[in-house]
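Visitor: I'd like a close look at the sheet in this one, please. Could you walk me through how the strands are laid out and then stop at a few residues along the way?

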Amino acid sequence: MAATLLFFLLLAAVIILLAILLALYLVPVTVSTVADCGRESLRGTATVAWGIVGARVRADEDMQVFEVLLAGRQVMVRDIQEMAAAKPEEEKKVEEPEPALPVREYVDAARDLWPHIQRIVAAIYRSLYLETLRGEVTLGLESPASTGVVYGYCTAARYALWPAEAIDLVLTPDFDHEVFEGTFTLRVQIRRPLLIVIPVVQALLQKPVRQRLRQVSGRGAPGA
């Protein structure tokens, strides 16, 4: 009886694991950002969603909130400033800062981790799919000449990206006023997120990688 129960528990665990892996392979992660900048206002929203689960950050001059979403509906909301201010009493104790590592240690760590970083970045690049990039900006710098230079570079970049249908960036120069206002919309899909998880897990399973990460985070020495 116990062996049968153990078998079904293991079978259920395997099925759940396979379902999660299949979902990570088939269900994309969607990242979207909407920003609106005016003369006296700035507000924006950033959303990350995977299937029916998501998280959203909304910010303007008066509030910064973090929301957890389920099927697009808000199920939890937290004020970011309150979350940052609420610290346990033991964390409020003054602790002596740890000595900073020499720059050479960071350089050595980056060199050792670079092959793994390359594989992870390559996996992210292959998985990215740009759905929408829209922007309408009015720009005026202190110097009309600087405004013209920036406008020229942006115009050249716009036509270099053409005819990408997902990209539509419009910059309107203002040579008489110092101004920066407009709207910006970005929506990106990370397809096959499992292909990103695999190189990350492969890297973290290697002891030298974990040691280097602990070292640069100040939690351990290379030989620990």
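**A walk through the sheet**

Guide: Happy to, and let's begin with the loop after one of the strands. Keep in mind that this is a predicted model. Asp-174 sits in the loop between S7 and strand S8, which covers 179–190. Is Asp-174 buried or exposed? Its relative accessibility is 15%, and the cut-off for buried is under 20%, so Asp-174 counts as buried. Its contacts further along the chain, leaving out residues up to four places away in sequence, are Thr-138, Leu-139, Gly-140, Thr-147 and Val-179. There's also a link inside the loop region: a polar atom of the Asp-174 side chain lies 3.1 Å from the backbone nitrogen of His-177.

Now zoom out to the sheet. Eight strands make it up, and it is an open sheet with mixed pairing. Reading across, the order goes S5-S4-S3-S2-S1-S8-S6-S7. The edges are taken by strand S5 (73–79) and strand S7 (167–173), and each has a single partner strand, so one side of each has no neighbour in the sheet. On average, neighbouring strands here are turned by 10 degrees against each other, ignoring direction.

Let's pick one pair of neighbours. Strand S1 (residues 29–37) and strand S2 (residues 42–50) run antiparallel, with nine bridges joining them. As an example of who faces whom, Val-34 stands opposite Thr-45 in S2.

That same Thr-45 turns up again when you look at Arg-58, a residue of strand S3 (residues 53–59). Not counting residues up to four places away in sequence, Arg-58 touches Gly-44, Thr-45, Met-63, Gln-64, Val-65 and Glu-67. With Glu-67 there is a polar contact of 2.7 Å between the two side chains. Arg-58 and Thr-47 are 11 residues apart along the chain, and their C-alpha atoms are separated by 8.7 Å. At 26% relative accessibility, Arg-58 counts as partly exposed.

Last stop: two residues with an unusual-looking backbone angle to check on your screen. Ala-71, in the loop between strand S4 (64–70) and S5, has a positive phi of about 55 degrees although it isn't a glycine. At 54% relative accessibility, Ala-71 counts as exposed. Arg-192 isn't a glycine either, and its phi is positive too, at about 50 degrees. You'll find Arg-192 in the loop between S8 and helix H5 (194–204), where its relative accessibility of 34% makes it partly exposed.

Note on methods:
Residues numbered from 1 in each chain as written. Predicted model: local features only at pLDDT ≥ 70, side-chain atom pairs only at ≥ 80, totals over all residues. Heavy atoms only, no water. Pairing = 2+ DSSP bridges. Helix = DSSP H or I, 4+ residues; strand = E, 2+ residues; numbered from the N terminus. Axes fitted to C-alpha atoms, helices over the stretch in contact; angles between N-to-C directions. Buried < 20%, exposed > 50% of the residue type's maximum accessible area, 1.4 Å probe, protein only. Polar contact = N/O pair within 3.5 Å; in protein donor to acceptor, adjacent residues only side chain to side chain. Contact = heavy atoms within 4.5 Å.
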